[in-house]
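Reader: I would like to learn how to read a model of this kind, one feature at a time. Where should we begin?

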Amino acid sequence: MSRENRFVKDMTEGTPYKLLLSFAVPLFIGNIFQQLYNMVDSIIVGNFVSADALGAIGTTGSLHYFFFSLVAGLSVGTGIIVAQFYGAKEDENVRNTIGNAVWILMICSALMALIGFFLARPLLVLLKTDVEILDAAVSYLRVTSIGILCIGMYNGVSSVLRALGDSKTPLFFLIFASILNVILDFVFVLGFGWGVVGAGIATAFSQFMSALTCIVYAYRTNTYFRLKRHHFKLRKSIVEKSCRLGIPVALQNALIAFSLIVLQGIVNSYGKIFTTSFTVVSRIEQLIQQPFMSMGAALSTYTGQNIGAGKIKRVIRGFNADTVISTVFAFVITGLFWTLSPYIVRIFGDSAQVRDIAVDGLRITSSFYVFLGMIYTTRNVLNGAGDAMFSLFTGIVECIGRVCFAYPLTLIPFMGKYGVFYATGLTWFLNAMFSLVRYKRGKWKQMSIVKQ
């Protein structure tokens, strides 16, 4: 391997535990810093602006995720193709896939950014957003929707790098961008007094810097990114594979986002205090899900490369290793949240009403974390193998679960409004069971997109 590609990692050889952990640790650190974008916004706005402003940021989360879902799904599809071509040692097809991905992701990112910007107000009104926080929520969502262009750039590059076994390069620039985001939050929110708009601008600009610097560095240090004109020529087979693998994942993300939007509407109906409490729980859980996501992404790359190389037994060994790691982590975090949640939620502000609700909500959902870990493990094995259509099915399950459980559970006397938290946990349980059954059936073993 050339010195220039020193971070590229062949995962078709070596011990699964070691490979997965060595890949996941930098990815986990990067994901933590990425979550700091929204965490810092929430902490600064919650402590130095108002609880209403924090609620305004929180009520936009599910909508922003919905707008970004198509871009995220296509990035995943691109990564699967790159991983399998790399595992099969087809370097020219790796470069062709990267060149085609540029067009696909640029067009989709621009489209979703425009949709998010112009539909921000009507959608937030449809979600029954409290009138006192509506204007601030609209402004924040519009700014972060423009930022989808930047997130799409970064996700595309990082997805390719991870498919090549490189989880370190994206980390360097996420750390830089996260630090920049903290600085700009203080400047725009506290210094200029721009409130939630300042927080949104700080986030969008930081995302742009992480994308730009990562692209430049990848070009200079990774030979797979040194594309020539013919690599950018659209190839029907690659576009079709990208869509076949990416669109089901995108639809899965969109359905999950839709279920979260419905859930957010129910949450909003209980007033701004409960909305803010729900926001606090959501922000903490976004952070806690990062280890599951990191191990899942590592397993997806591991699976893709080994499927491309025709090594099915190594995939199974990787699945078993990932299951052990995620299960242990889930039990540890559940124990910590049941004992330390009153102290954890305080970093988001000093409102006693918000704190009490958030503590109870966090304890409820954390009891289901073992199933959340199972979802990430099974889903990423299936995605890495090319069984992306099942992602759409899991999205349907998650959507039906949240939509069908949330409101009925709030009608049960001893649950009341806390039924929205139980709905999330029960949805995780259902999704985990369906995903595990799909994995055990073994259909994914014959879904390689690369000719053996």
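Author: Begin with a helix, and keep in mind that this is a predicted model. α16 has 23 residues and spans 33 Å from its first C-alpha to its last, close to the 33 Å expected at 1.5 Å a residue.

Reader: What comes just after α16?

Author: G442 follows α16 directly, with a positive phi of about 80 degrees.

Reader: Which residue has a positive phi although it is not a glycine?

Author: The general idea is that most residues other than glycine have a negative phi. In this model K89 has a positive phi of about 65 degrees and is not a glycine. K89 sits in the loop between α3 and α4.

Reader: Is K89 buried or exposed?

Author: The cut-off for exposed is over 50% relative accessible area. K89 has 52%, so it counts as exposed.

Reader: In which helix is Q84 found, and is Q84 buried or exposed?

Author: Q84 belongs to helix α3. Its relative accessibility is 0%, so Q84 counts as buried.

Reader: Which residues does Q84 touch?

Author: Leaving aside residues up to four places away in sequence, Q84 touches G304, I307, G308, G384, A385, G386, S448, I449 and V450.

Reader: Where does P408 lie?

Author: P408 is in helix α15. With a relative accessible area of 40%, P408 is partly exposed. Sequence distance and spatial distance are separate readings: P408 and A423 are 15 residues apart in sequence, and their C-alpha atoms are 9.2 Å apart in space.

Reader: How do I read a nonpolar core?

Author: Look at how many residues it has, then at which helices supply them. The largest nonpolar core has 37 residues, and V280, I284, Y369, V420 and F421 have the most contacts inside it. At least two residues of this core come from each of α10, α11, α12, α13, α14, α15 and α16.

Reader: Which helix gives the most to this core?

Author: That is α11, with 7 residues.

Reader: Which residues does F421 touch?

Author: With residues up to four places away in sequence not counted, F421 touches F274, F278, V281, G361, I364 and T365. Apart from the largest core lies another, of 28 residues, and V82, Y86, A218 and Y224 are among them.

Reader: Now the pockets. What is the volume of the largest pocket, and how many residues line it?

Author: The largest pocket has a volume of about 440 Å³. Its lining has 17 residues, and I98, V102, M153, V157 and I215 lie nearest the centre. α4, α7 and α9 are the elements that give two or more residues to this lining.

Reader: How do the residues of that lining divide by character?

Author: The lining of the largest pocket has 14 nonpolar residues, 3 polar and no charged.

Reader: What are the volume and lining of the second largest pocket?

Author: Its volume is about 220 Å³. The residues lining the second largest pocket include L63, F66, L123, K128, F258 and S269. Two or more lining residues come from each of α3, α5 and α10, and the largest share, 5 residues, is from α10.

Reader: How many residues of this second lining are charged?

Author: The lining of the second largest pocket has 1 charged residue, beside 9 nonpolar and 2 polar.

Technical notes. Residues are numbered from 1 along each chain as its sequence is written. This is a predicted model: local features need pLDDT of at least 70, side-chain atom pairs count only at pLDDT 80 or more; totals for chains, interfaces and linings use all residues. Side-chain values use heavy atoms; hydrogens and water are left out. On a 1 Å grid over the protein atoms alone, a cavity is a set of points where a 1.4 Å probe fits but cannot get out, and a pocket is an open set with protein on both sides within 12 Å along at least five of seven lines; lining residues have an atom within 4 Å of a point. Grid points are joined across faces, edges and corners, and a volume is the space filled by probe spheres set on the points. Helices (H or I, at least four residues) and strands (E, at least two) are DSSP runs, numbered from the N terminus. Ala, Val, Leu, Ile, Met, Phe, Trp, Tyr, Cys and Pro count as nonpolar, Asp, Glu, Lys and Arg as charged, and the others, Gly among them, as polar. A nonpolar core is a set of buried Ala, Val, Leu, Ile, Met, Phe, Trp, Tyr and Cys residues joined through side-chain atoms within 4.5 Å. Buried means under 20% relative accessible area, exposed over 50%, partly exposed in between (1.4 Å probe, protein chains only). Contact means heavy atoms within 4.5 Å. The expected span of a helix is 1.5 Å times one less than its number of residues.
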